Amino acid sequence: MKSEIFKQRFTVPASAIDGLNHVNNVIYLQWCLDAAEAHWISKTTEAQREQYVWVVLNHFISYKNPSFLNEELETQTWIESYEGVKSERHYKIIRPSDGKIIVEATTLWCFLEAKTFRPTKITEEISNLFL
């Protein structure tokens, strides 16, 4: 049931660097969330985004290697599975220059009606966009 991999490349900005002179661990989570949002926007219409929203139920993140100022990184994300109102999304952040995995993460998302914020079953229309 895995979706295609959505990829984004970017350069590590100074704002991501912490006191240890590498990317702060909280920033990686933000980059994962940014990739998930970009993937959602790339596949859906404005009308669909007005009708449905996602909220996070939990995150799991594993830090494999550090990254540094001005390095090029690539965020990869895909939907691993979904059932009912929940969807499991996976992420990898890699450094293309050496192929090293920087971060691996998983987020469990819940699908909601935007107007009521009540969980709703992931529709076939939405699942067909991704899977």
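**From Thr44 outward: a walk through the predicted fold**

The side chain of Thr44 comes within 2.6 Å of the backbone oxygen of Trp40, a polar contact in the sense of a pair of N or O atoms within 3.5 Å, where within protein one must be able to donate a hydrogen and the other to accept it, and where residues adjacent in sequence count only if both atoms are side-chain atoms. The model is predicted, and local features need pLDDT of at least 70 while side-chain atom pairs count only at pLDDT 80 or more, although totals for chains, interfaces and linings use all residues. Residues are numbered from 1 along each chain as its sequence is written, and side-chain values use heavy atoms, with hydrogens and water left out.

Thr44 sits in the loop between helix H1 (25-43) and helix H2 (46-51); helices (H or I, at least four residues) and strands (E, at least two) are DSSP runs numbered from the N terminus. With a relative accessible area of 8%, Thr44 is buried, where buried means under 20%, exposed over 50% and partly exposed in between, using a 1.4 Å probe and protein chains only. Apart from neighbours within four places in sequence, Thr44 is in contact (heavy atoms within 4.5 Å) with Arg49, Leu129 and Phe130.

Stepping back to the whole chain, the protein has three helices and five strands, which follow one another along the sequence in the pattern β-α-α-β-β-β-β-α. The UniProt record, in an unreviewed entry, lists residues 5-128 as "domain: Acyl-ACP thioesterase N-terminal hotdog"; its positions are given in the numbering used here, feature names are shortened, and annotations may be inferred rather than shown by experiment. Within the model, residues 5-128 are 24% helix and 44% strand, and the C-alpha atoms at the two ends of the span lie 15 Å apart.

As for overall dimensions, the C-alpha atoms fill a box of roughly 45 × 25 × 25 Å along the principal axes. The radius of gyration is 16 Å, which agrees with the value near 14 Å for a compact globule of 131 residues; this radius is taken over C-alpha atoms, and the globule rule is 2.2 Å times the number of residues to the power 0.38. Of the contacts with a separation of 6 or more, 66% join residues 24 or more positions apart, and buried residues make up 34% of the 131 residues.

The interior can be followed through its nonpolar cores, each a set of buried Ala, Val, Leu, Ile, Met, Phe, Trp, Tyr and Cys residues joined through side-chain atoms within 4.5 Å. The largest of these cores has 14 residues, and Tyr28, Trp31 and Ile93 have the most contacts inside it. H1, strand E4 (86-95) and strand E5 (100-113) are the elements that each give two or more residues to this core. Not counting residues up to four places away in sequence, Trp31 touches Phe10, Val12, Pro13, Ala16, Val23, Leu73, Thr75 and Ile93. A second, separate core of seven residues includes Trp40, Ile122, Ile126 and Phe130, and two of these residues have already appeared beside Thr44: Trp40 through its backbone oxygen and Phe130 as a contact.

Tyr52, in strand E2 (residues 52-63), is buried at 7% relative accessibility. Beyond its neighbours within four places in sequence, Tyr52 is in contact with Trp40, Phe111, Leu112, Glu113, Ala114, Thr120, Thr123 and Ile126, while its side chain makes a polar contact with the side chain of Gln51 at 3.2 Å. Ser127, in helix H3 (residues 124-130), likewise counts as buried, at 7% relative accessibility, and its side chain makes a polar contact of 3.3 Å with the side chain of Tyr82.

The loops present another picture. Most residues other than glycine have a negative phi. Asn21, however, has a positive phi of about 65°; it lies in the loop between strand E1 (6-11) and H1 and is exposed, with a relative accessible area of 56%. Phe117 has a positive phi of about 60° although it is not a glycine; Phe117 belongs to the loop between E5 and H3 and is exposed, with a relative accessible area of 56%. Gly99, in the loop between E4 and E5, counts as partly exposed because its relative accessibility is 46%.
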